[in-house]
Structure formats: structure tokens, C-alpha cells
Amino acid sequence: MSDNGPLYLGLDLSTQQLKAIVIQSDLSIVSSAKVDFDQDFGSKYSIKKGVLVNEEEGEVFAPVALWLESLDLVLQRLQEQNTPLNRIRGISGSCQQHGSVYWSHEAEKLLSGLTADKPLVDQLTAAFSHPFAPNWQDHSTQHECDKFEETMGTPERLAQATGSAAHHRFTGTQIMRLRRKLPDMYASTSRISLVSSFLASLFLGAIAPMDISDVCGMNLWDIPSNNWSSPLLDLASGGSPEPLRAKLGEVRQDGGGSMGNVSSYFVKKYNFSPDCGVAPFTGDNPATILALPLRPLDAIVSLGTSTTFLMSTPVYKPDPSYHFFNHPTSPGQYMFMLCYKNGGLAREKVRDVLPRPAASGGDPWESFNRHALATPPLDVHKEGDRAKLGLYFYLPEIVPNIKAGTWRYTCDAKDGGDLQEVKETWGEEIDARAIIESQALSMRLRSQKLVNAPREGLPAQPGRVYLVGGGSLNPAITRALGDVLGGADGVYKLDVGGNACALGGAYKAVWAFERQKGETFDELIGKRWKEEGAIQRVDEGYKKGVFERYGNVLGAFERMEEEILKVAKNT
Ligand SMILES: Nc1ncnc2c1ncn2[C@@H]1O[C@H](COP(=O)(O)OP(=O)(O)O)[C@@H](O)[C@H]1O
Ligand SMILES: O=C(CO)[C@@H](O)[C@H](O)COP(=O)(O)O
């Protein structure tokens, strides 16, 4: 670390953890710290995996006080490592998407009057009109989702306006439900923040505006007209849109620059410089696409608890089966996203029914990986074998909108013809490869309109595929993903795989404060980012012949989903 250059702080407030990462202008990492909600505060707040659940109503939510305590603790942990917090010039961050925080009429006064002799949690209790923030796993809003789609006419029209069809977790439907369930709470709310603008507000000591990318996770922001959607505000507010518009506030258009200097609380308590600025914070998925300079055909697959597939694109082509967001730093660009609930957890379920030999050396994935690597694509060993396709949904899925269950089918491997359901299981060891293939085929099917041939003579596919999150450590998963998705320029894993969104937040802070007039995020970060040490090639990606074999059954995979949708649609 140099002795005197500026430093930048990136935070990631996700479902289970608050992470902080400090970097220099050249993007090198100086220090990092984290708070694990269950480990550090599990018994105090009775949370499990960061959240509380009300099964009866399908509610999933997190205590706001837990996040206040965690912010003090993560900064204390950075201090304990002697991180020179006084050199931090700018702060940004990434937060779980869709969650909402409800501020009381006391909030502005309490935020601006924070004193360093007491923790945040002791000073801000009265700043909230509701002690909980709905979490993205909440599924209590089917009625509201129906109303959102009804108001716009069809899911397609809603997606055209807001970038997405109606989703249980999207903030607009959550606000509409809470207004009806807790009218007094709604009336005593002065402002509503997303988790990203909530965390930025704590640093600012004032309520921060929402971010131009994260606001697209609400089903309330009209992306083409760059404004709140009047019919949807009207619906969510129960016919009084103006008070709701005031609660939501203005949306900041610029993803960079400073929203103001850090509150004196952080100056006095943690020795931040009074000149340290706060840049807009964004959602964790938008921040993940900022963790490296992403080129036009590149894709990121985030293999965490859930799985997300992300691309940056200049083309706005919304569809009810996926999401479009404004790009967090580049006006006129968009982020394309697929989000699956059945990611890591579903793979763990398949893993856990496989016998675990004593010689596995404690690696829980040994048996799963051995079978996945020994099984040929689609379990086709020789000419004439039928291709095997399955769906492994242990939780109700988002896309396709199918109930929990597992289904197995076979089809003609040459052209996907003669699709037939297999009622009995075909052997657990075959499921290991089949579940990875199934997840990857779904991503390939839904992203195919966004990719084209990277070079003459190659089929349409991504350029590079970058993997982040826990699953990116697994060689069998990376291999099968490369087989199905291709990637003409290879499959790579980010060396900070689990910290990608905190790092994206820190890079955003560097760009926010060091950009020259008109300099884009990709230009600035592209000049400073060094591949060596940042990424590792884990698979060659496109393999001629193999990629095409999956192409032959992509239509059958789509037909299989359609058949299952007819009998097992989520209602
Ligand atoms: N070696 C591995 N192989 C496959 N999956 C793994 C491996 N290590 C961790 N995971 C999976 O990673 C997931 C957690 O990833 P992480 O990125 O830390 O999640 P999140 O950000 O959602 O909290 C878990 O579902 C776990 O099963
Ligand atoms: O709902 C979505 C995206 O639409 C999720 O990706 C959340 O943003 C989850 O964040 P984590 O806490 O799992 O990182």
C-alpha cells in the first residue's frame, strides 16, 4: 500500500452478511472485513440466514436494527486492522435488491444530529416507522402482483414500462401490501428507501435519493420515460399518488459524483476525513457487473444462494421472463438479468442424496463432482441414446413460474424430438450433471436473443463467461456451465468470487470521485484493471460439437417447461 494516496470504501449489505472492502486508486485491495448476521447477531435478533419468516403469510423480512449494529461493527473491524480510514476519499456500495426501509417523520432530525458517543442503533430507533425491511425472498404479494399486471393490461406491457413483469419481491407490490396491512405505519412514514439508499443515508446523515439502476427493481419506475409510472403509483398508493411520490423522493440520475460529505458521526467515531464523499449506492446485481470491465458480449453468472445471469447491453428488449435495469453507471446502457431461486440450495439437495464415501476427505462435493464429470453431455454415451433433461425445483421458481417439484424427461438427442416424461428416477448419480445442465440450459434459452456470433464461423454465444459466488469454486460446475453456455473467449472465475459486489461498489467509488469530465466507468476502470491476479481461466468455454449438442435439445427443454407449466404453475 502506498503511504498517502486516496482510498475508497465499498460495502455490500446482502441477505446474510455486511462486507466492507477498502481499495486504492490503482484498484489494489488494502483491507476487508465482514459481519455475518447469524454468527454475530443470530441469537439477539432470532434470525436464520439473516432473516425472519412468517410462514403463514409468506413474509420474509430483516430487522433494520440488525443492519445498524452491523455497520458499526464492520467499521470497528476495519479499524482493528489499522485501516487508515482517514484516507478514504469516497464511499459507495451494493445492497440486496428490492428491500425497503420506512423512515419516520423524526428521521431527518435524528440522522443529522447523530453523536459519536452512542452507537447508531441507540440513536436511530425512532427514525423508523417500521422496524423491519421486507426481504427479496418474501412471497406475500400475489394479490398485488395481479393488480400490477391488470393495471398495465398484460405482463408484457408492465415489463415494457418497468423492465420486469410483476414479482412478489419487487418493492412496489411490497409497499402496496404494507400500506393496506399497516395503514398507520404507512401514514407515519415520511420517506421510503431501498436498502441501497438506506445505507447511503446512514453515511450521509440525511436521506439519500434512490439510485437510477436499483430503482428498476420496484415495478414502479417507467424506464423508457425515465420517471415514476403514474398509473402504478396510483395503484400502489390506493389512489393518492402524491404522498407516495413524496415518500419515494427524487431519483438521482448520475451513478457517480458525490451526494455530499460523510456525516460527522463517522468523522468523530471512526476518524473518517470530513472531506470524504458519499457516492450513490446501488443494488448487489448492478454492482456485480461493475466488478470488472465487462465487454459487450460478456456474461456474469453469480452462483450464490440464488443464481443470477447478468449482461450489459445497449438494447432495451424487456420480456416477462427476465429483468431489465438501467445500467448503474452508463446512461443508455442496460443490465439484463435472470434470477433463479433454485441455485446453490438445489445443487446441495442433489449432492446430499449421493452416498458420500469415507475417502472424500471431508469435501462434501467429491461424490457429486465425480459423477458430474464422469457423465457425458445429456448422458448420451453413444449414437441412438436418448438425451436426458430435468427440472430440479426444491423451491417455487421465478422463471419459469413453476411450483416446487422435480421432473425428468428424455428426447431424441439429434433434434429434441419425441419428448417424453420419465416417471421413475434414472439414478441419482445422473442427476449431478443433469441439474447443472438444466440450470445452464435455462440461462442459454433466455439469453439467446441477446447474444450474437463473437467471430465469423462461430454460433451466437457470449464472449467471456465470468463466474462469481460460492459455486464458482467447483470444477464440475464450471466445466458443465462452459459446455452448455459456451463462451468463445473462455470461462473465468473472479478471484474475489464471494466479494464481487463489494468490490464493484469500491470500483464505483473510485470512478465516482476520480473520473474526468465525460470519462465512463469502463474507460476509467478498463485502464486500471489488471487481469493477472483478478481472474482465473477455469474452462475453455465453447467446444465445437458439444455446444451444438445442447443446441439440438434447447427447443425440447423449452417444450418440457411449457408442459410442466400447464400442470404446476405457481398461483
Ligand atoms: N465447492 C463448492 N461447490 C459448489 N458449491 C459451493 C461450493 N462452495 C460453496 N458453494 C455454494 O455456494 C453457495 C453460497 O455462495 P455465496 O456466494 O457465499 O452466497 P450468498 O452471496 O448468496 O450468501 C452455497 O449454496 C454453497 O452450496
Ligand atoms: O432478488 C434478487 C435479484 O432480483 C437477489 O439477487 C437479491 O438482490 C439477493 O441478494 P443476496 O443477498 O443474495 O446477495
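**Exercise 1.** Sort the shell around ligand 1 by residue class.

*Solution.* The classes come out as three nonpolar, eight polar and one charged residues. Keep in mind that this is a predicted model. Now put names to the shell: among its members are Leu-303, Trp-365 and Ile-477, along with Glu-348 and the run Gly-469, Gly-470 and Gly-471. Leu, Trp and Ile count as nonpolar, Glu as charged, and Gly goes with the polar group.

**Exercise 2.** Find polar partners for ligand 1, then say how much of ligand 1 the protein buries.

*Solution.* Start with the nitrogen side: a side-chain N or O atom of Trp-365 sits 3.4 Å from a nitrogen atom of ligand 1. Asn-474 also reaches a ligand 1 nitrogen through its side chain, at 3.1 Å. For oxygen, go to the backbone of Gly-470, where a polar atom is 3.0 Å from an oxygen atom of ligand 1. As for burial, ligand 1 alone exposes 590 Å², and the protein buries 67% of that.

**Exercise 3.** Work out what surrounds ligand 2 and which residues touch its oxygen atoms.

*Solution.* First, the shell: it includes Ser-14, Gln-96, His-98, Trp-136 and Arg-169. By class it splits into three nonpolar, six polar and two charged residues. Next, secondary structure: helix H13 (284-288) and strand S19 (334-340) each give at least two shell residues. Then the side-chain contacts to ligand 2 oxygen: Thr-15 at 2.5 Å, Asp-284 at 2.6 Å and Asn-285 at 3.0 Å. Finally, coverage: of the 380 Å² accessible on ligand 2 by itself, the protein covers 89%.

Note on methods. Residues numbered from 1 in each chain as written. Chains lettered and ligands numbered in written order. Predicted model: local features only at pLDDT ≥ 70, side-chain atom pairs only at ≥ 80, totals over all residues. Heavy atoms only, no water. Near = heavy atom within 4 Å. Polar contact = N/O pair within 3.5 Å; in protein donor to acceptor, adjacent residues only side chain to side chain. Areas by Shrake-Rupley, 256 points an atom, 1.4 Å probe, with all protein chains shown as cover. Helix = DSSP H or I, 4+ residues; strand = E, 2+ residues; numbered from the N terminus.
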